[in-house]
Amino acid sequence: MVPHLTTALTGPLLELEKTFLDKATEIERWMRVQWQDHLPPFYGSTDLRNSGFKLAPVDLNLFPGGFNNLNDAFMPLCVQAAQSAIERICPDARSLLLIPENHTRNQFYLQNVAKLVSILRLTGLKVRIGSLLPEIAEPTVLELANGSTLTLEPLRHSNGRLGLDGFEPCAVLLNNDLSGGVPEVLRGLEDQWLIPPLHAGWHVRRKSRHAECYDRVAREFATAIGIDPWRINPEFGVCGQINFQERTGEECLAAQVDSLLARIREKYKEYGVTDEPFVVVKADAGTYGMGVMTVRDASEVVGLNRRQRNKMAVVKEGLEVHEVIIQEGVHTFETVEGAVAEPVVYMMDHYVVGGFYRVHTERGRDENLNAPGMHFKPLAFETCCTLPDTAQGPDAPPNRFYAYGVVARLALLAASVEIEETAPAADLAELAALG
């Protein structure tokens with residue numbers, strides 16, 4: 001039921017998971033107080049890495065795809081959590097407009113949209129799908145590989161509200177991360193909830209800002225339960241003056257890599273870890289695992305060859321990369337059927353609603369698994385992430401998954417803080433853009 005943890009260092013991890021179990025009452029109380037002060041994002045997913053001595057989030061997505069990869073047994077949890085989120089934001093909502101990515105040929109993504117529509121309709125909402133694609137000029141039916149269909153309709157913006165022909169929704173849910181910027185049709189909305197807010201998109205958001213917010217959350221949480229925050233927190237650095245094509249900013253990047261590796265070596269020495277430390281250089285904005293490289297020595301980021309520069313220079317929507325985050329690499333010692341794996345945890349409102357394992361048969365334990373060739377094991381999470389069993393050992397499935405759920409919720413809380421703190425600047429930018 002739970003993937004094999006292939007490491008001799010299970011002792012420290014078992015100790016960390018045991019702390020979560022022993023402190024579960026304090027943890028849930030601490031979480032409850034935090035959510036009284038912060039509005040949770042409508043939904044989110046986070047990638048975790050489990051090294052045997054460290055359990056930490058390495059990415060947080062505020063526009064998650066992949067709901068189709070969740071075990072169907074979690075559908076009631078999803079519906080209940082979605083209902084809670086809607087009641088919190090717009091309690092009298094009757095209708096909702098869903099705006100997806102423009103991936104009309106990606107069957108896996110479309111099945112994710114279909115699953116989202118199913119969840120939302122079971123909350124009592126009328127749900128229709130509006131497309132940002134200019135070629136969608138009339139209702140267009142898409143056939144899905146599983147035999148179901150989706151109908152995309154052209155968006156209509158009128159009097160500060162967004163809708164479809166004959167459909168004026170109470171709220172608009174984005175499942176589009178706005179990597180290419182904010183389309184004009186989404187600007188200037190009045191008296192209508194847009195979820196998540198525009199400034200949660202990648203045209204504004206930065207991974208380094210999220211990492212800084214997570215650092216604060218992790219430190220406060222670690223103090224509350226008496227652990228070293230490093231055990232749940234990847235260290236990071238930032239380089240904001242780089243041009244991979246023109247080979248400028250390499251010195252800044254190399255210096256940040258060298259500094260971060262030195263800090264990691266000190267922590268490895270403290271915990272008796274003999275593995276080789278590494279860092280991950282990522283585009284500071286963007287998703288889909290693009291613009292990512294694993295680095296074990298600062299010399300590796302100086303004098304990159306053309307293929308490496310091309311890989312790092314551009315991300316989704318063809319956006320050029322000039323800002324990168326250098327993140328502490330966390331080995332994954334979990335395997336599924338012999339292949340390296342990492343858990344991905346899904347949340348709606350402030351609830352964990354399920355998860356799965358991302359598996360890659362051709363990648364190592366210190367490499368990015370969000371890459372072509374990956375596949376998913378939705379059946380791995382056969383128990384809920386929120387129900388620990390103190391009668392079993394720390395690495396029993398419900399307890400391992402509880403630990404995942406705790407760290408994932410910390411990442412979601414950090415995203416909530418991040419959205420709150422970026423709102424004023426983003427609102428000013430929106431007003432400036434509107435003239």
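Helices (H or I, at least four residues) and strands (E, at least two) are DSSP runs, numbered from the N terminus. The model is predicted, so that local features need pLDDT of at least 70 and side-chain atom pairs count only at pLDDT 80 or more, while totals for chains, interfaces and linings use all residues. Residues are numbered from 1 along each chain as its sequence is written, and side-chain values use heavy atoms, with hydrogens and water left out.

Begin by selecting Asn-159, which sits in the loop between strand S8 (156-158) and strand S9 (161-163). Although Asn-159 is not a glycine, its phi is positive, at about 55°, and its relative accessible area of 74% makes it exposed (exposed means over 50%, buried under 20%, partly exposed in between, with a 1.4 Å probe and protein chains only).

Next select Asp-191, in the loop between strand S10 (171-175) and S11; here too a residue that is not a glycine has a positive phi of about 55°, and Asp-191 counts as exposed at 75% relative accessibility.

Move on to Pro-196, in the loop between strand S11 (193-195) and helix H5 (207-225), where the peptide bond from Ile-195 to Pro-196 is cis, with omega near -20°.

Now select helix H4, residues 107-121, whose end C-alpha atoms are 21 Å apart, in agreement with the 21 Å that its 15 residues should span at 1.5 Å a residue (the expected span is 1.5 Å times one less than the number of residues). Of these 15 residues, 11 are buried, among them Tyr-109, Val-113 and Lys-115.

Within H4, is Lys-115 buried or exposed? Lys-115 counts as buried, at 15% relative accessibility, and its side chain is joined to that of Asp-72 by a polar contact of 3.2 Å (a pair of N or O atoms within 3.5 Å, where within protein one must be able to donate a hydrogen and the other to accept it, and residues adjacent in sequence count only if both atoms are side-chain atoms). Leaving aside neighbours within four places in sequence, Lys-115 is in contact (heavy atoms within 4.5 Å) with Phe-67, Asn-68, Leu-70, Asp-72 and Met-75.

Finally, add helix H3 (residues 75-89), which packs against H4 at an angle of about 65°, with their axes 8 Å apart. H3 and H4 are therefore roughly perpendicular to each other (a term for angles of 65 to 115 degrees). The residues making this contact include Met-75, Cys-78 and Val-79 of H3, and Lys-115 and Ser-118 of H4.

Terms used:
Axes fitted to C-alpha atoms, helices over the stretch in contact; angles between N-to-C directions. Parallel < 35°, antiparallel > 145°, perpendicular 65-115°, else oblique.
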